[in-house]
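Here are some questions to work through with the model open. Each answer gives its reasoning before the result.

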Amino acid sequence: MPDHDTNNKANKEPDLFGQFARVEWLLHRTHQHNHRIHGPMGDPHRGQGRVLALLKLKPVISQKDLGFLLDMRPQSVGELLLKLEKRGYITRTPSRDDRRTISVTLTEDGAKAAAEPPESCDVFGCLSAEERAALNDFLSRVIARMEETLGRESFDPRGFGPRSGADIEAMIGRARGMPGPRGETMSRGRAPSEGPDRHGHPGGDRADK
């Protein structure tokens, strides 16, 4: 006789929402683990680790432009850079063209730190190149379906990180004279208002430890 329990399990619709919720929870745990084991450099998507990841793509950048890419208040950016400066990972110097502009430069030690992220940061390392491409296609289709339902809004890629120095240049170029971090205009350099980050999380631009 056929095994009805086995057939029911095979025909059962997978709980994709549950899977995504679990992935989100595990990503949070991964960040906590990396920060606990490797310190602030353990996550290239947050805090000091994220600054180094950006400088790895563009080793010299103005502090103001870096603040735009991080979507953080000038004071919080300064706190992060001060910590990196004390570690010897960056230097800050007035620009030759405009003494009011501070240039942030990645040092040799900073480049070494940025080049050696912990293996646990690559949560997709268990997938082959073909599987990653397939997952990317699946997620793109899900995103397209959701945007059809909810409407397509302007997507800010800063929270997910540029892929190259050219991406950084393009993002900064598009932002000139346009709303920057927290709605400020980059050309004015006005300190943005307090409040939750663009994802709705409170204190999103607090400098990490």
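**Helix contacts and surroundings**

In this predicted model, Asp65, Phe68 and Leu69 of α4 meet Ile168, Met171, Ile172 and Ala175 of α8.

Q: At what angle do helix α4 and helix α8 pack?
A: Helix α4 covers residues 63-70, and helix α8 covers residues 165-175. Their axes lie 11 Å apart. The packing angle is about 95°.

Q: Are α4 and α8 roughly parallel or roughly perpendicular to each other?
A: The angle between the two helices is about 95°. Angles of 65 to 115 degrees count as roughly perpendicular. α4 and α8 are therefore roughly perpendicular.

Q: How many helices and strands does the secondary structure come to?
A: Along the sequence, the pattern reads α-α-α-β-α-α-β-β-α-α-α. The secondary structure comes to eight helices and three strands.

Q: What percentage of contacts between residues at least 6 apart in sequence join residues at least 24 apart?
A: The set counted here holds contacts between residues at least 6 apart in sequence. Within that set, the share joining residues at least 24 apart is 55%.

Q: How much of the exposed area do carbon and sulfur atoms supply?
A: Buried residues make up 30% of the 209 residues in the protein. The protein exposes about 14600 Å². The share of that area from carbon and sulfur atoms is 54%.

Q: How many residues of helix α3 are buried?
A: Helix α3 runs over residues 47-57 and is mostly covered. Among its buried residues are Gly47, Gln48, Val51 and Leu55. Arg50 of α3 is buried too. Of the 11 residues in α3, the buried number is eight.

Q: Which residues make the nonpolar surface patch of about 370 Å²?
A: Patch residues need over 30% relative accessible area. Phe20, in helix α2, is partly exposed at 47% relative accessibility. The patch is made by Leu16, Phe20, Leu139 and Ile143.

Q: Which elements give two or more residues to the nonpolar patch?
A: The patch is made by Leu16, Phe20, Leu139 and Ile143. One element spans 16-38 and the other spans 129-150. They are α2 and α7.

Q: Is Ser103 buried or exposed?
A: Ser103 sits in strand β3, residues 102-106. Its contacts include Ile61, Ser62, Thr91 and Arg92, leaving aside residues up to four places away in sequence. Buried means under 20% relative accessible area. At 17% relative accessibility, Ser103 is buried.

Q: Which residue meets Arg92 in a salt bridge?
A: Arg92 is among the residues that Ser103 touches. Arg92 is partly exposed at 24% relative accessibility. Its salt-bridge partner has a relative accessible area of 30% and is partly exposed as well. At 2.9 Å, N to O, that partner is Glu85.

Q: How many salt bridges does the structure hold?
A: One salt bridge joins Arg92 and Glu85. Another joins Glu108 and Lys112. Asp137 and Arg141 also form one. The structure's count is four.

Q: How far apart are the closest N and O atoms of Glu108 and Lys112?
A: Glu108 and Lys112 are four residues apart in helix α6, residues 108-115, so about one helical turn separates them. Glu108 is exposed at 60% relative accessibility, while Lys112 is partly exposed at 47%. The closest N and O atoms of this salt bridge are 4.0 Å apart.

Q: Which helix holds both Asp137 and Arg141?
A: The side chains of Asp137 and Arg141 meet in a salt bridge at 3.3 Å, N to O. Asp137 is partly exposed at 37% relative accessible area, and Arg141 is exposed at 54%. The two lie four residues apart, about one turn, in helix α7.

Q: What is the phi of Asp71?
A: Asp71 lies in the loop between α4 and α5. Asp71 is buried, at 5% relative accessibility. Its phi is positive, in a residue other than glycine, and is near 55°.

Technical notes. Residues are numbered from 1 along each chain as its sequence is written. This is a predicted model: local features need pLDDT of at least 70, side-chain atom pairs count only at pLDDT 80 or more; totals for chains, interfaces and linings use all residues. Side-chain values use heavy atoms; hydrogens and water are left out. Patches are made of residues with over 30% relative accessible area and no salt bridge: like charges are joined within 9 Å, nonpolar side chains (Val, Leu, Ile, Met, Phe, Trp, Tyr) within 5 Å. Accessible areas come from the Shrake-Rupley method with a 1.4 Å probe; for residues, only the protein chains shown count as cover. Buried means under 20% relative accessible area, exposed over 50%, partly exposed in between (1.4 Å probe, protein chains only). Axes are lines fitted to C-alpha atoms, for helices over the stretch in contact, and angles run from 0 to 180 degrees between N-to-C directions. Angles under 35 degrees count as roughly parallel, over 145 as roughly antiparallel, 65 to 115 as roughly perpendicular and the rest as oblique. Contact means heavy atoms within 4.5 Å.
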